[in-house]
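Subject: Structure handover

Hello,

Here is the structure I promised to pass on. Please open it alongside this note. My findings follow below.

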Amino acid sequence: MNIQLLMTAFGLVLILEGLGPLLFPNKWQKYLLELSAQKQNVLRRLGGSLVTAGVILLIIFQ
């Protein structure tokens with residue numbers, strides 16, 4: 001894997017993650033409050049699902 005490709009992907013993730021708080025700070029804050037109120041089980045499932053989806057996308061498009 002090329003380090004330039006990895007840094008490009010990381011940069012895109014940071015841009016996408018930053019759009020929410022930049023454009024909709026009030027909604028983002030409410031979203032984080034709701035998310036922090038969830039049980040750890042729910043958060044682990046959500047995180048696991050996101051990681052699994054990411055791995056599948058990497059496998060398909062690589």
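Residues 42-61 come out as 100% helix and 0% strand. The end C-alpha atoms of that stretch sit 29 Å apart. The UniProt record, an unreviewed entry, gives residues 42-61 the feature "transmembrane region". Keep in mind that this is a predicted model.

Overall fold

The protein chain has three helices and zero strands. Read from the N terminus, the order of elements is α-α-α. The radius of gyration is 15 Å, and the globule rule gives 11 Å for 62 residues, so the chain is more spread out than a compact globule. Its C-alpha trace spans about 40 × 30 × 15 Å along the principal axes.

Surface

Of the 62 residues in the protein chain, 2% are buried. The accessible surface of the chain is about 5900 Å². Carbon and sulfur atoms account for 70% of that surface.

Helix α1

Helix α1 covers residues 3-23, which is 21 residues. At 1.5 Å a residue, α1 should span 30 Å. Its end C-alpha atoms are 30 Å apart, so the expected span and the model agree. At the start of α1, N2 contributes a side-chain oxygen that comes within 3.0 Å of the backbone nitrogen of Q4.

Helix α2

Helix α2 takes in residues 25-36. Its 12 residues should span 16 Å at 1.5 Å a residue, and the end C-alpha atoms are indeed 16 Å apart. How many of the 12 residues of α2 are buried? The number is zero, so α2 lies largely in the open.

Q29 is a case in point: it belongs to helix α2. Q29 has a relative accessible area of 51%, and the cut-off for exposed is over 50%, so Q29 counts as exposed. From Q29 to L50 is 21 residues in sequence. In space, their C-alpha atoms are 21 Å apart.

The aromatic pair

The structure holds one aromatic pair. The ring centres of W28 and Y31 are 5.5 Å apart. Why is the pair called tilted? The ring planes meet at 40°, while stacked needs under 30 degrees and edge-to-face over 60, so this pair falls into the tilted class.

Both residues of the pair, W28 and Y31, lie in helix α2. They are three residues apart, about one turn of the helix. W28 is partly exposed, at 28% relative accessible area. Y31 is also partly exposed, with a relative accessibility of 41%.

Where to look

I would begin with residues 42-61, the stretch that UniProt marks as "transmembrane region". Then turn to W28 and Y31 in α2.

Best wishes

Notes: Residues are numbered from 1 along each chain as its sequence is written. This is a predicted model: local features need pLDDT of at least 70, side-chain atom pairs count only at pLDDT 80 or more; totals for chains, interfaces and linings use all residues. Side-chain values use heavy atoms; hydrogens and water are left out. Rings of Phe, Tyr and Trp (its six-membered ring) pair if their centres lie within 6.5 Å; planes under 30 degrees apart count as stacked, over 60 as edge-to-face and the rest as tilted. Helices (H or I, at least four residues) and strands (E, at least two) are DSSP runs, numbered from the N terminus. Buried means under 20% relative accessible area, exposed over 50%, partly exposed in between (1.4 Å probe, protein chains only). The expected span of a helix is 1.5 Å times one less than its number of residues. A polar contact is a pair of N or O atoms within 3.5 Å; within protein, one must be able to donate a hydrogen and the other to accept it, and residues adjacent in sequence count only if both atoms are side-chain atoms. UniProt positions are given in the numbering used here, feature names are shortened, and annotations may be inferred rather than shown by experiment. The radius of gyration is taken over C-alpha atoms; the globule rule is 2.2 Å times the number of residues to the power 0.38. Accessible areas come from the Shrake-Rupley method with a 1.4 Å probe; for residues, only the protein chains shown count as cover.
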